[in-house]
Protein chains: 2
Amino acid sequence: MPDEGVRAATSEATTHRLSLLLRALRVLEAEGVGTVSSHDLAARFGLHSAQIRKDLALFGEFGVRGVGYRVAELKDRLRNLMGLDRSRTVVIAGAGNLGQALADSRNFNSDGFHVAALFDLDGRKVGSKSRSGVSIHHASEIPQAARELKAEIGVLAVPAEAVPDVARALVDGGVVAILNFAPVTLPAIENVVVKNVDLTLFLENLSFQLKERGR
Amino acid sequence: MPDEGVRAATSEATTHRLSLLLRALRVLEAEGVGTVSSHDLAARFGLHSAQIRKDLALFGEFGVRGVGYRVAELKDRLRNLMGLDRSRTVVIAGAGNLGQALADSRNFNSDGFHVAALFDLDGRKVGSKSRSGVSIHHASEIPQAARELKAEIGVLAVPAEAVPDVARALVDGGVVAILNFAPVTLPAIENVVVKNVDLTLFLENLSFQLKERGR
DNA sequence: TGCTGTGAAACCGTTCACAGCT
DNA sequence: AGCTGTGAACGGTTTCACAGCA
């Protein structure tokens, strides 16, 4: 049973697995599968079944003993749990390759999110639109535009040196979560959820693993 | 002292911290800082100093008691440790927004890596180049071209449904590590280092954290 | 004195094993 | 019988605290 009081923040690992779980449930539902066991689910990700059950147990009881989990129901409850049952507005700072890639990504515009605006300093880009039609505004308009659009999530796809100023502008615009792709750690900001994702680190991770394997 | 025998694979968490550490050391070196303590370093990432020392202790002794770490020396030893002291060739499958963004990224073309080719199915793209000059070849040429370029790392920036075939083509081309950005888990492949990175999951993570904080 | 390197302790996440429900 | 939910055991990671060296 979940604690009704203050709950500790869910661990990164659990959060990640719940996302994968939801993805798998969507596939199963599309395939017309009605129920699924923790064992079946775990096998999809190379996990142990108890892991799946423990992750879910943090939030309540979801299954039926002797039967398993009803796919459609569990999927809906997970979406609700993760806050994906409503659409949050996303704005992206930096209309370079990466910013535009994210703006046009199907994955950034489905089930819980939609990209409402891009921002850039480059006057040649300002006023135009990304391939999928997201308007590019001048970076100086971030606070005002973010507020008008009721943006909740800001994405940083700008150079490292621009991060502090742009992050501040986003927060001024009322954004409550920031996803930072620049290769610099954006420190914690009060009342804002910050996540740093440096794509280079994934490559370095591969290099390191290759090195450890003697390649 | 590091074990001279078979070493357990370094944990994900340690790998990640070492990358951040290296990034910080590069900045410090550029600033002309000569030595730095584990405490100073830890403060940069909101970590504990013992964490830094323990991470490094996995690989040997790097510091000077009473003094700290010599920035330039530690940086060089870390680069060597992570296999970044040589340049590995990267090829990218999928010349869409994301693929081209990665191909042109300074971060994917510095200190240890360089992107040698892009591949796509779209005939209109084949034969042209990305903004920074990376040639786009037809996907059918992946095995041969990867081999000729001596590519060690393959990046998947293709739709989920194309992942299995393209991954196989990369492995046929001699690639020993794959970084998969498609929203589908690429299962382990023998003798290949696989890393799955779904950008959507980072957004979902933010959504989940917002939900937990009652936003 | 100051800071590293490291055993020991504390903490957290995973796996086991089984009670309990269908 | 089958599968969930969960206390207990386990294993790994982080933090503490201090010995040892410059």
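In this predicted model, 23 residues lie around DNA strand C, and those that come nearest are A:Arg17, B:Ser38, B:Arg53, B:Lys54 and B:Tyr69. Of the strand C atoms that come within 4 Å of the protein, 61% are sugar and phosphate atoms.

Several individual contacts can be picked out on this strand. The side chain of A:Arg17 places an N or O atom 2.7 Å from a phosphate oxygen of DNA strand C. B:Gly63 uses its backbone instead: one of its backbone N or O atoms is 2.9 Å from a phosphate oxygen of strand C. A polar backbone atom of A:Arg65 is 3.2 Å from a sugar or linking oxygen of DNA strand C.

The surface near DNA strand C draws on both chains. Helix H1 (12–30) and helix H3 (49–57) of chain A, and helix H3 (49–57) of chain B, each provide at least two of its residues. H3(A) supplies the largest share, with four residues. By class, the residues of this surface are seven nonpolar, eight polar and eight charged.

DNA strand D can be read in the same way. Around DNA strand D there are 24 residues, of which A:Ser38, A:Arg53, A:Lys54, A:Tyr69 and B:Arg17 come nearest. Sugar or phosphate makes up 62% of the strand D atoms within 4 Å of the protein, and bases make up the rest.

Here, too, there are contacts to phosphate. B:Arg17 has a polar side-chain atom 2.9 Å from a phosphate oxygen of DNA strand D, and B:His48 has a polar side-chain atom 3.3 Å from a phosphate oxygen of that strand. From chain A, a polar backbone atom of A:Gly63 is 2.9 Å from a phosphate oxygen of DNA strand D.

For the surface near DNA strand D, H3 of chain A, helix H1 (12–30) of chain B and H3 of chain B each give at least two residues. The most come from H3(B), with four residues. This surface holds eight nonpolar, eight polar and eight charged residues.

The next topic is the protein itself. Chain A is divided into domain 1, covering 4–80, and domain 2, covering 88–201. Taken over C-alpha atoms, the centres of these two domains of chain A are 31 Å apart.

The largest nonpolar core has 102 residues, and the members that touch the most others are A:Leu78, A:Leu199, B:Leu78 and B:Leu199. Residues up to four places away in sequence aside, A:Leu78 touches A:Leu18, A:Leu21, A:Leu22, A:Leu25 and A:Leu56.

Three loop residues remain to be described. A:Ser130 sits in the loop between strand S4 (113–120) and strand S5 (136–138) of chain A. A:Ser130 counts as buried because its relative accessibility is 4%, under the 20% limit. Apart from neighbours within four places in sequence, A:Ser130 is in contact with A:Gln100, A:Asp104 and A:Leu118.

A:Lys150 belongs to the loop between helix H6 (142–149) and strand S6 (153–156) of chain A. Although A:Lys150 is not a glycine, its phi is positive, at about 55 degrees. With a relative accessibility of 67%, A:Lys150 counts as exposed.

In chain B, B:Asp111 is placed in the loop between helix H5 (97–104) and strand S4 (113–120). B:Asp111 is not a glycine either, yet has a positive phi of about 45 degrees. Its relative accessible area is 26%, so B:Asp111 is partly exposed.

Key: Residues numbered from 1 in each chain as written. Chains lettered and ligands numbered in written order. Predicted model: local features only at pLDDT ≥ 70, side-chain atom pairs only at ≥ 80, totals over all residues. Heavy atoms only, no water. Core = buried A, V, L, I, M, F, W, Y, C linked by side-chain atoms within 4.5 Å. Buried < 20%, exposed > 50% of the residue type's maximum accessible area, 1.4 Å probe, protein only. Contact = heavy atoms within 4.5 Å. Domains from an automatic or database assignment. Near = heavy atom within 4 Å. Polar contact = N/O pair within 3.5 Å; in protein donor to acceptor, adjacent residues only side chain to side chain. Nonpolar A, V, L, I, M, F, W, Y, C, P; charged D, E, K, R; others polar.
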